[in-house]
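I opened a new page for this chain. I wanted to look up how it is put together, one piece at a time.

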Amino acid sequence: MKAKRISAICIIFIILVTLIFTLYNAVANDNLNISFNKNPLSIFNQTEEMLKANIPFSHKLKELAVNIKFFSGEKEQNNIYISNDSLLKVVKNPDYNLTDANVQTIINFADTYRIPTYAIIVPAACSIKQQEIDSLYRNRLFNEKSFIENIYSDFNSHVSTINVYPTLFANNDKYIYYKTDTNLTGLGGYYVYEQIAKRLHIPAHPLERFEIKHYTQDFYGDIYNQSPYKSVSPDKISSYKFSKFSREYHVTRLKNGEINTYYELYPDEAAKTGNPYDIFLGGSADRIDIKIDSPNSLKLLIYGDKTVMSYLPFLTVNYEKITYINVDTAPIDIYKDLDVKAYDKVLFSFSSDNFMHNDVTKNLR
């Protein structure tokens, strides 16, 4: 308790000194452009913009605050648990109204289209990598394993389920989750691919048939932006290119109404935009269609979130066409324009956190 009080005092002192310096700097440079003749909300917004413009080291200030609280014993900050060399987002209890609605919508979809339908819920890193969390915090974690099993039970005979929890947990000592991002790494995606292949009755190619290429080793993801703990080392962004046989790809991406095309799964030019994560199929999009020149004739439709990007490149080895609909960004028109019956199988794939707390199936009702 004493350590927490000391850290709080330190943080308050640093913030006050910073604000005084910021106001002095703004006045000295004639940047204090706040009109007090407007409503309180407008004044607040103006003040926020002024602080952003005059605190060039604001990220460093946030980093300092996180580190002070960590060394005073606060290992969980902003729903992020800070371990020795990784940041783990703590998944809170689910909204059962949302989860029930998501389950029922997927069941209705399967019953309506009568196409083999599958569902996969990818557990969060905090559940799989529990060995990195102190027992005091670990005992307070929500039981994702039990939650996923219950959801799968609810699907009953309507939807086939793919349980990746056991294989991820068995490999939790490996680099299967990013240390600074909520997604699976390429290796984690491969383990998910293996389980999908078993349930969809397609051959899973061994890992040695994929050529691994590292694009960057200094990637910081979305969790780091929330809790920038400086002792956590950056992540590696790696591609897994099938090298056993030659393949030609036609990747069509639709994002915000604009279409662009690539002829490879890992387009180098896309990663040059500043976000290394865009190396995967050109980055996030509302809809991605992948046509593969291969002896396969199967077509797969995937409704999912960003976790799909970790294993989607592996699945292209087994299909002639894959369409991925990003449920977090795709507008309703994309759903309406889709010919669902043109596909042999449908896969619903979400992170546990997303499935628990968001209406990921609203556009299918």
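**Entry 1: a term first.** I count a polar contact as a pair of N or O atoms within 3.5 Å, where one must be able to donate a hydrogen and the other to accept it. I also note that this is a predicted model.

**Entry 2: T105.** I started with T105, which sits in helix α4, residues 96–113. Is T105 buried or exposed? Its relative accessibility is 6%, so T105 counts as buried. I then looked for side-chain partners. The side chains of T105 and R365 are joined by a polar contact of 2.7 Å. Another polar contact, of 3.4 Å, links the side chain of T105 to that of T361. I also listed what T105 touches once neighbours within four places in sequence are set aside. The list is T361, L364 and R365.

**Entry 3: the whole chain.** Next I stepped back. I found 14 helices and 13 strands in the chain. The chain has 365 residues, and 50% of them count as buried. Its accessible surface comes to about 18200 Å². Carbon and sulfur atoms own 52% of that surface. I then checked contacts between residues at least 6 apart in sequence. Of these, 71% join residues at least 24 apart.

**Entry 4: the sheet.** In what order do the eight strands of the open sheet run? I read β5-β4-β13-β11-β12-β10-β8-β9, with mixed pairing. Why is one side of β5 and of β9 left without a neighbour in the sheet? Strands β5 (160–162) and β9 (258–262) stand at the edges, and each has a single partner strand, so one side of each stays free of a neighbour there. I also noted the turn between neighbouring strands of this sheet. Direction ignored, it is 20° on average.

**Entry 5: the β9 end.** I followed β9 to its partner. Strand β8 (residues 248–255) pairs with β9 in the antiparallel sense, over five bridges. One bridge joins R253 to N260 in β9. The two strands form a hairpin with two residues between them. In that turn I found N256 with a positive phi of about 55°.

**Entry 6: β4 and its partners.** I moved to the other end of the order. β4 and β5 pair in the parallel sense over three bridges. There, Y118 stands opposite S160 in β5. On its other pairing, β4 (residues 117–122) runs parallel to β13 (residues 345–351) over six bridges. I looked up two of the partners in β13. I120 is bridged to S349, and V122 is bridged to S351.

How many of the six residues of β4 are buried? I counted six of six. Both faces of the strand are covered. On one side, T117, A119 and I121 are buried. On the other side, Y118, I120 and V122 are buried too.

**Entry 7: S351.** I stayed with S351, which belongs to strand β13. At 17% relative accessibility, S351 is under the 20% cut-off, so it counts as buried. A polar atom of the S351 side chain lies 3.1 Å from the backbone nitrogen of N354. Leaving aside neighbours within four places in sequence, S351 is in contact with I121, V122, D305 and T307.

**Entry 8: a helix on the sheet.** Which helix packs on β4, β5, β11 and β13? I found α9 (residues 186–200) touching these strands, with β11 spanning 299–304. The direction of α9 makes about 155° with that of β5.

**Entry 9: the cores.** I closed with the nonpolar cores. The largest has 94 residues. Which residues have the most contacts inside it? They are I120, L168, Y303 and L315. Helix α9 gives the most to this core, with eight residues. I120 is thus on my page twice, here and as a buried residue of β4.

I then looked at L168 more closely, not counting residues up to four places away in sequence. L168 touches V122, P123, I128, I176, Y177, L184, G188, Y191 and V192. A second, separate core has nine residues. V66, I80, I223 and Y224 are among them.

Key: Residues numbered from 1 in each chain as written. Predicted model: local features only at pLDDT ≥ 70, side-chain atom pairs only at ≥ 80, totals over all residues. Heavy atoms only, no water. Pairing = 2+ DSSP bridges. Helix = DSSP H or I, 4+ residues; strand = E, 2+ residues; numbered from the N terminus. Axes fitted to C-alpha atoms, helices over the stretch in contact; angles between N-to-C directions. Contact = heavy atoms within 4.5 Å. Buried < 20%, exposed > 50% of the residue type's maximum accessible area, 1.4 Å probe, protein only. Core = buried A, V, L, I, M, F, W, Y, C linked by side-chain atoms within 4.5 Å. Areas by Shrake-Rupley, 256 points an atom, 1.4 Å probe, with all protein chains shown as cover.
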